[in-house]
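Subject: Handing over the model

Hi,

Here is the structure I promised to pass on to you. Have a look at it first, and then read on for what I found.

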Amino acid sequence: MPRFISAACLAIALLLPAAPALAGAWPQAAGTVEVIAGTTYSQSDSGFDGRVGGPDPTFRKLEVAPLISWGVDGATTLSVQPSWQSLKADRAGGGSDKGAGLADAEFALRRTLWQNGAGIMALQPLIRVPLGYDRGDQPPLGSGKLDAELRALYGHGFAGGFFDAQLGYRTRGGPAADEVRLDLTLGWRPDADWLLLAQGFNAVSVGTPGAGYGDVRRYKLQLSAVRRLTDDVGVQVGLSKAIGGRNAGGERMVLVALWWQFGGR
């Protein structure tokens, strides 16, 4: 099952636009392509203390964000994750705004720096590019700004599972403050056909934000299970919830993803 555990690490990013980076520390097998076709539905009716700019937002969001990764060689993986969103945001005075279309897309290159036995370290630069953003849309799709991130990744395998830790610094375009991100994943395989994932996604803003923006903290917990259907195909279901923060919504989310892998030398 090594290929399947490697695929599990690639599921770390199936969340929202403020989600973690595209992959775990382990590289994609050379010449293979993996697609994780993830769909999420999230909603938020409240926020955490400290919100700047008015009352807590109420929104519903459906997002389809397929993650496509290609193993260039035994140490380098290229990834892209476009996003299509359908948003509905309630107005404070009544009524709601709706929008649907392409949102931001992420492009990343992950390179293994060190590997010894069960341990591995990697470095990953990433850019986030606005594709369907229109400032006239209400609500807008994506941020409308270019973000860049550099992330260090560490993974460790053990009997029946693995641990993955990622620390990144993201430079935000526009008035939003930069962010430090820490993402943690614990994976456990009770048998050959199941993989259980417990994940924490955390972001804290640094520096001084621009007008209309405050300091931000987001803490999310996600639990999911992956069922192997064949050697190269699996399905994932899970739940996610914001458990704390500042200037952030108290979102709840459900996800479904289909994984498959093909190619190879």
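Let me start with a hairpin: strand 8 and strand 9 are joined with 2 residues between them, and G160 in the turn has a positive phi of about 90°. The two strands, with strand 9 covering residues 161-171, pair in the antiparallel sense over 11 bridges. Within that pairing, G155 stands opposite D164 of strand 9. Strand 8 (residues 147-158) also runs antiparallel to strand 7, and 10 bridges join those two. There, L126 has E149 of strand 8 opposite it.

Before going further, please keep in mind that this is a predicted model. The mean pLDDT of the chain is 84, and 84% of the residues reach 70 or more. Where should you be careful about pLDDT under 50? That stretch is residues 1-22, for which the model nevertheless has 102 contacts beyond four places in sequence. Where pLDDT is low, the predicted coordinates should not be read in detail, and I would treat those contacts accordingly.

**The overall picture**

The secondary structure comes to 14 strands and 1 helix. Of the 265 residues in the chain, 45% are buried. Among contacts with a separation of 6 or more, 59% are between residues 24 or more positions apart. The chain exposes about 11700 Å², with 62% of that supplied by carbon and sulfur atoms.

**A second set of strands**

Further along, strand 12 and strand 13 form a hairpin with 4 residues between them. They run antiparallel and are joined by 12 bridges, one pair of bridge partners being L223 and L239, the latter in strand 13. Strand 13 then pairs with strand 14, again in the antiparallel sense, over 9 bridges. V233 has W260 in strand 14 as its bridge partner. This hairpin has 5 residues between the strands, and N247 takes a positive phi near 55°.

**The core**

The largest nonpolar core has 13 residues, and those that touch the most other members are I36, F162, L195, L197, V226 and W259. Strand 7 (119-130), strand 11 (194-206) and strand 14 (252-263) are the elements that give two or more residues to this core. I36 is found in strand 1 (residues 32-44) and counts as buried, at 2% relative accessibility. The C-alpha atoms of I36 and L67 are separated by 5.1 Å, though the two residues are 31 apart along the chain.

**Salt bridges**

Side chains of opposite charge can pair when their charged atoms come close. How many salt bridges does the count come to? The total is 19, and three of them seemed worth describing to you.

In one, the side chains of E106 and R128 meet at 2.6 Å, N to O. E106 lies in strand 6 (residues 104-116) and R128 in strand 7, so the pair ties together parts that are 22 residues apart in sequence. Are these two partners buried or exposed? E106 counts as buried, at 3% relative accessibility, and R128 is buried too, with a relative accessible area of 7%.

E179 and R172 form another, with the closest N and O atoms 3.3 Å apart. E179 is buried, at 2% relative accessibility. R172, at 21%, counts as partly exposed, because the cut-off for buried is under 20%.

The third joins R246 to D215, the closest N and O atoms being 3.1 Å apart. R246 is in strand 13 (residues 233-246), while D215 is in the loop between strand 11 and strand 12 (217-228), so this pair ties together parts that are 31 residues apart in sequence. Both partners are partly exposed: R246 has 28% relative accessibility, and D215 has a relative accessible area of 33%.

There is a network as well: salt bridges that share partners join D104, E106, R128, E149, R151, R170 and D183. E106 and R128, described above, are among its members. Another member is E149, the residue of strand 8 that stands opposite L126.

Happy to go through any of this with you once you have it open.

Best wishes

Notes. Residues numbered from 1 in each chain as written. Predicted model: local features only at pLDDT ≥ 70, side-chain atom pairs only at ≥ 80, totals over all residues. Heavy atoms only, no water. Buried < 20%, exposed > 50% of the residue type's maximum accessible area, 1.4 Å probe, protein only. Contact = heavy atoms within 4.5 Å. Areas by Shrake-Rupley, 256 points an atom, 1.4 Å probe, with all protein chains shown as cover. Core = buried A, V, L, I, M, F, W, Y, C linked by side-chain atoms within 4.5 Å. Salt bridge = Lys/Arg side-chain N within 4 Å of Asp/Glu carboxyl O. Pairing = 2+ DSSP bridges. pLDDT = per-residue confidence, 0-100.
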